[in-house]
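Work through the exercises below with the sequence and the coordinates at hand. Each task is followed by a stepwise solution.

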Amino acid sequence: MSLCVLDEEKFHLCCQLLLQLSEQLGDGWSWEGGQEGYLRKTALRSVVIDSSSVWDYEGGGADTSCPSLSEQQEGEQEQAAVDASADTDSIKGDMEDEDEDDGVCVASAGSSQLLQYEYHILHSCSYSTPVLYFRACTQEGRSLSLEEVWSSVHPNYRLRLQNSPLNTITMQEHPLLGQPFFMLHPCRTEEFMRPVLQAAQDQHRPVNYVLSWLSVVGPVVGLDVPLKYSTLLHPAPPPRQHRARLTPSPCVCQHHCGAPLYGSCITNPTIRG
């Protein structure tokens, strides 16, 4: 069996451990849907919807070439890239009119919004990996569009989404709920997980596939994994106990002056202990 293959049984074991750690940390993960269910977590996030996209400045839209995407999903991604490019051209034009001093691209100051995120982690039988589904809505209940989700990604991750294996955010029907969700596509999960798992195997240390995977993909969509998970999963070894020295305590003088047997009596210096 391949090192990176995560079957359903192993997925459930990893999820059980993650739930135990989450309960200790109060991190909010729960299990939904019975035996063939999924991990679920909700969170409030304050985000800035920024319509200027770093990948557009660099000369291209998001890569959506995963072979499992349907033509409809590819069309949605292409349309999203066109819309984002149009918005970017408009914003760049305004920026050039206002400031022509240098060529540095400055992200537009979008409005900060408090959004409700719902994250689901499911097992993909096709890819033998976990998959992160999520949706986001405003406090008024309006769901974010695909373009808004792309533009809400933190700038630190935008180039990674274009240039790394984490390059596809799509909208897809939730396999268990039948509702539209955004999804980080798993087509290249094995590619970035292989070195992580190989290193753990070489060092003969256990690794929780789901937790390690989540620490990589989660922050891309605002789902941070507390470092305390790693502390609980791999606690520091107890300090080495120094072996007690076996040097016997010297016997004391019979006069109980406290002098050692091989010293001089304090009470009567002429008497050896």
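**Exercise 1: the nonpolar cores**

In this predicted model, identify the members of the largest nonpolar core that touch the most other members, and the elements that supply the core.

Solution. The largest nonpolar core has 40 residues, and those touching the most other members are W29, I121, L132, I169 and W213. Next, assign the core to elements: at least two residues each come from α1 (8–25), β2 (38–48), β3 (112–124), β4 (129–138), α4 (146–152), β6 (180–184), α6 (189–202) and α7 (209–217). Of these, α7 gives the largest share, six residues. Finally, a second, separate core is made of six residues, including Y38, L122, Y133 and M183.

**Exercise 2: cysteines**

Determine how many disulfides the model contains, and explain the result for C14.

Solution. A disulfide requires two cysteine sulfur atoms within 2.5 Å. The cysteine sulfur closest to that of C14 belongs to C15 and is 6.9 Å away, so the two are too far apart for a bond. C15 is likewise in no disulfide, its nearest cysteine sulfur being that of C14. The count is zero disulfides. As for burial, C14 is buried because its relative accessibility is 7%, and C15 is buried at 1%.

**Exercise 3: positive phi**

Locate S128 and H204, and decide whether each is buried or exposed.

Solution. Most residues other than glycine have a negative phi. S128 has a positive phi, near 55 degrees, and sits in the loop between β3 and β4. Its relative accessibility is 19%, so S128 counts as buried; the cut-off is under 20%. H204 also has a positive phi, near 55 degrees, and is found in the loop between α6 and α7. With 74% relative accessibility, H204 counts as exposed.

Technical notes. Residues are numbered from 1 along each chain as its sequence is written. This is a predicted model: local features need pLDDT of at least 70, side-chain atom pairs count only at pLDDT 80 or more; totals for chains, interfaces and linings use all residues. Side-chain values use heavy atoms; hydrogens and water are left out. Buried means under 20% relative accessible area, exposed over 50%, partly exposed in between (1.4 Å probe, protein chains only). A nonpolar core is a set of buried Ala, Val, Leu, Ile, Met, Phe, Trp, Tyr and Cys residues joined through side-chain atoms within 4.5 Å. Helices (H or I, at least four residues) and strands (E, at least two) are DSSP runs, numbered from the N terminus.
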